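Grab a viewer and work through a few exercises on the fold shown below. Try each task yourself before you read the solution under it.

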Amino acid sequence: MMVGYVAYLIIAVAVIIFLAAAIRILREYERGVVFTLGRFTGVKGPGLIILVPFVQQMVRVDLRVVVQDVPPQDVISRDNVSVKVNAVLYFRIVDAERAIIQVEDFMAATNQLAQTTLRSVLGKHELDEMLAERDKLNSDIQEILDQRTDAWGIKVSNVEIKHVDLNESMIRAIAKQAEAERLRRAKVINADGEQQAAAKLVEAGRMLATEPQAMQLRYFEALHDIAGERSSTVVFPLPVELLGQFMKAQGK
């Protein structure tokens, strides 16, 4: 009787071990790449999966979006400026079979490819483009990475450049350039103001020349302003042409 209980216990333990090795439960965002005697036999999941112990093996694959930080890279721009640039990469697996079979470690491979692509793409642009056209650069890097990782069953959804770090000397040079640009704009605005004022004076002179009474009224208004200030000075304007006639008469 005791031997029978021991036999039943051994059988029960064997069944439990078999079921533990055979039953797998995959979540909604997981897939299982199944190998039978080392050969690929399919992708299963989600839900309950039954495997043959010691004959079939399964590799879990997460289909959620992966956020990966690209380490700072030393980049020399097209105008020979050295900067440090880092970025963040968003990607997910769309084909679990290729992600496991075609590449040994898809996470490391994608990260290394992102680093080299970041250096090569940014090296073709000038510093001003790196600072002002990040959206375009992000799109270019994302497109290149998406094409190269397609063979691994990976979809790169987005790439964002986080920081463009400059050394202190370059920051001072950019500050001087910005200051010079502001001074240039101020001088241009001042010159435009002088030009507009001169144009208005020319227009006013033409109007006064056509109407002599207007010039007389302006003369009276100027006298009124001087008298209102309680000044003892009275100004009588003389035409320049009249002074020219006097000079000619003295020369004769």
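What follows is a set of five exercises, each with a worked solution.

Before you start, keep in mind that this is a predicted model: local features need pLDDT of at least 70, side-chain atom pairs count only at pLDDT 80 or more, and totals for chains, interfaces and linings use all residues. Residues are numbered from 1 along each chain as its sequence is written, and side-chain values use heavy atoms, with hydrogens and water left out.

**Exercise 1: the overall picture**

Work out how many helices and strands the protein chain has, and what share of its residues is buried.

Step 1. Go through the secondary structure, taking DSSP runs numbered from the N terminus (helices are H or I, at least four residues; strands are E, at least two). You should end up with 8 helices and 8 strands.

Step 2. Sort residues by relative accessible area: buried is under 20%, exposed is over 50%, and partly exposed is in between (1.4 Å probe, protein chains only). Of the 252 residues in the protein chain, 23% are buried.

Step 3. Now the surface, using Shrake-Rupley areas with a 1.4 Å probe, where for residues only the protein chains shown count as cover. The chain's accessible surface comes to about 17900 Å², and carbon and sulfur atoms account for 59% of that.

Step 4. Finish with contacts, meaning heavy atoms within 4.5 Å. Take those between residues at least 6 apart in sequence: 61% of them join residues at least 24 apart.

**Exercise 2: a threonine in a helix**

Find T110 and decide: is this residue buried or exposed?

Step 1. Locate T110 in helix α3, which spans residues 106–122.

Step 2. Check the accessibility: T110 counts as buried because its relative accessible area is 1%.

Step 3. List what T110 touches beyond its neighbours within four places in sequence: Q68, L89, F91, W152 and I154.

**Exercise 3: the cavity**

Which residues line the largest cavity?

Step 1. Set up the search on a 1 Å grid over the protein atoms alone: a cavity is a set of points where a 1.4 Å probe fits but cannot get out, and lining residues have an atom within 4 Å of a point. Grid points are joined across faces, edges and corners, and the volume is the space filled by probe spheres set on the points.

Step 2. Count the hits: there is 1 cavity of 30 Å³ or more, and the largest cavity has a volume of about 30 Å³.

Step 3. Read off the lining: V70, A87, L89, A114, L118, I141, L145 and V159. The elements giving two or more residues to this lining are β7 (82–93), α3 and α5 (134–149).

Step 4. Classify the lining, with Ala, Val, Leu, Ile, Met, Phe, Trp, Tyr, Cys and Pro as nonpolar, Asp, Glu, Lys and Arg as charged, and the others, Gly among them, as polar. The tally is 8 nonpolar, no polar and no charged.

**Exercise 4: backbone oddities**

Look for unusual backbone angles in the loops.

Step 1. Recall the background: most residues other than glycine have a negative phi, and most peptide bonds are trans.

Step 2. Inspect the bond from G45 to P46, which is cis, with omega near 0°. P46 sits in the loop between β3 (39–44) and β4 (47–50).

Step 3. Turn to L37, in the loop between β2 (30–36) and β3. Its phi is positive, near 55°, and L37 is exposed at a relative accessible area of 69%.

Step 4. Do likewise for F54, in the loop between β4 and β5 (56–62). Phi of F54 is near 65°, and F54 is exposed at 80% relative accessibility.

Step 5. See how V55 connects to L37: they are 18 residues apart in sequence and 5.5 Å apart in space, C-alpha to C-alpha. Leaving out residues up to four places away in sequence, V55 touches F35, T36 and L37.

**Exercise 5: charged partners**

Which residues are linked with E30 in a network of salt bridges?

Step 1. Apply the criterion: a side-chain nitrogen of Lys or Arg within 4 Å of a carboxyl oxygen of Asp or Glu. The structure holds 9 salt bridges.

Step 2. Pair R27 with E30, whose closest N and O atoms are 3.6 Å apart.

Step 3. Pair E30 with R60, at 3.0 Å from N to O. This pair links distant parts of the chain, with E30 in strand β2 and R60 in strand β5, 30 residues apart.

Step 4. Compare burial: E30 is buried at 9%, while R60 is partly exposed at 42%. The network is thus R27, E30 and R60.

Key. 1 Å grid on protein atoms, 1.4 Å probe; cavity = no way out; pocket = protein on both sides within 12 Å on 5 of 7 lines; lining within 4 Å.
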